[in-house]
Amino acid sequence: LEAVTNRTSGKTDSPLVELYANTSSSTFLAEAFKNLKSDANPQRKRWTKEACSTAHRAVTSACRSLLGNINDNATWKSGGPRNICQYGCCISWSANATFQLQNLSSAGNYCVNACASSTVSCEIYGVTLQGTVVDQCLSNRANGCT
């Protein structure tokens with residue numbers, strides 16, 4: 001996000017976002033960039049910050065498996081607990097929201113790719129889950145992450 005955001009205005013550089021979306025070697029990164037493309041899209045992700053951490057790291061392959069299981073999962077989630085865990089990898093979020101599980105996949109995939117290593121711990125701020133803005137974590141913990 002920082003690479004395509006104008007530091008002065010805080011707005012994304014649409015031509016650069018388009019270039020990154022079309023040339024990313026990872027389909028997950030391409031999807032993340034495509035979600036940034038349209039200012040008119042109310043479901044657009046407006047991530048303000050991403051932080052990879054060395055604390056509470058989960059095995060990346062376990063997180064990829066978890067993300068693969070929710071990527072096309074249209075099951076609705078509401079209330080607590082505010083996490084989904086599998087094989088020692090957890091996605092957690094900061095506030096109660098009602099959304100489809102697949103809505104967690106873009107930020108989660110972004111974390112896996114942004115923190116590229118055999119383990120991952122990452123927090124994304126400003127993720128929109130069906131209209132509710134939350135901070136989303138990917139780590140080995142069911143609450144909090146970095």
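## Report on disulfides, strands and a buried helix

Let's start with a cysteine: Cys90 has a relative accessibility of just 6%, so it counts as buried. Its disulfide partner tells another story, since Cys85 is partly exposed at 39% relative accessible area. Keep in mind throughout that this is a predicted model.

**The overall picture**

The protein has 146 residues, and 41% of them count as buried. Its secondary structure comes to four helices and nine strands. Reading from the N terminus, the order is α-α-β-β-α-β-β-β-β-α-β-β-β. If you take the contacts between residues at least 6 apart in sequence, 62% of them join residues at least 24 apart. The accessible surface adds up to about 7200 Å², and carbon and sulfur atoms own 49% of that.

**Disulfides**

How many disulfides does the model contain? The count is four, and the table includes the pairs picked up in this report.

| Pair | S to S distance | Torsion about S-S | Handedness |
|---|---|---|---|
| Cys52 and Cys115 | 1.8 Å | about -90° | left-handed |
| Cys85 and Cys90 | 2.1 Å | 115° | right-handed |
| Cys111 and Cys122 | 2.3 Å | -70° | left-handed |

Take the pair of Cys52 and Cys115: the sulfur atoms sit 1.8 Å apart. This bond links distant parts of the chain, with Cys52 in strand β1 (residues 49–52) and Cys115 in the loop between α4 and β7 (119–120), 63 residues apart. The two ends differ in cover as well: Cys52 is partly exposed at 38% relative accessible area, whereas Cys115 is buried at 7%.

Now for Cys111 and Cys122, which have a torsion of -70° about the S-S bond. Cys111 belongs to helix α4 and Cys122 to strand β8 (residues 122–129), so this disulfide ties together parts that are eleven residues apart in sequence. Here both cysteines are buried.

Ile124 is another resident of strand β8. Is Ile124 buried or exposed? Its relative accessibility is 0%, which is under the 20% limit, so it counts as buried. Ile124 and Cys111 are 13 residues apart along the chain, and their C-alpha atoms are separated by 7.8 Å.

**Helix α4**

Helix α4 spans residues 105–114, and nine of its ten residues are buried, so the rest of the structure largely encloses it. The buried set runs through Ser105, Ser106, Ala107, Gly108, Asn109, Tyr110, Cys111, Val112 and Asn113. You might expect a helix to show a one-sided pattern of burial, because residues three or four places apart point the same way in an α-helix, with its 3.6 residues a turn. In α4, though, burial takes in nine of the ten residues.

**The β4–β5 hairpin**

Back to the neighbourhood of Cys85. In a regular strand, side chains alternate between the two faces of the sheet. Strand β4 (residues 83–86) does just that: Ile84 and Gln86 point to one face and are buried, while Asn83 and Cys85 point to the other and are not. Strand β5 (residues 89–93) runs antiparallel to β4, and four bridges join the two. Ile84, for one, has Ile91 of β5 as its bridge partner. The hairpin has two residues between the strands, and Tyr87 takes a positive phi near 55° there. Within this region, Cys85 and Cys90 are also joined by their disulfide, with the sulfur atoms 2.1 Å apart.

**An aromatic pair**

Searching the whole structure turns up one aromatic pair. It consists of Trp93 and Phe99, whose ring centres are 5.2 Å apart and whose planes meet at 85°, so the geometry is edge-to-face. Both Trp93 and Phe99 are buried.

**Gln100, a polar residue under cover**

Gln100 is found in strand β6 (residues 98–100). Despite its polar side chain, Gln100 is buried, with a relative accessible area of 16%. What does that side chain have beside it? A polar atom of the Gln100 side chain lies 3.1 Å from the backbone oxygen of Ala74. Setting aside neighbours within four places in sequence, Gln100 touches Asn73, Ala74, Thr75, Trp76 and Gln130.

Methods:
Residues are numbered from 1 along each chain as its sequence is written. This is a predicted model: local features need pLDDT of at least 70, side-chain atom pairs count only at pLDDT 80 or more; totals for chains, interfaces and linings use all residues. Side-chain values use heavy atoms; hydrogens and water are left out. Buried means under 20% relative accessible area, exposed over 50%, partly exposed in between (1.4 Å probe, protein chains only). Contact means heavy atoms within 4.5 Å. Accessible areas come from the Shrake-Rupley method with a 1.4 Å probe; for residues, only the protein chains shown count as cover. Rings of Phe, Tyr and Trp (its six-membered ring) pair if their centres lie within 6.5 Å; planes under 30 degrees apart count as stacked, over 60 as edge-to-face and the rest as tilted. A disulfide is a pair of cysteine sulfur atoms within 2.5 Å. Two strands pair if DSSP finds at least two bridges between them. A polar contact is a pair of N or O atoms within 3.5 Å; within protein, one must be able to donate a hydrogen and the other to accept it, and residues adjacent in sequence count only if both atoms are side-chain atoms.
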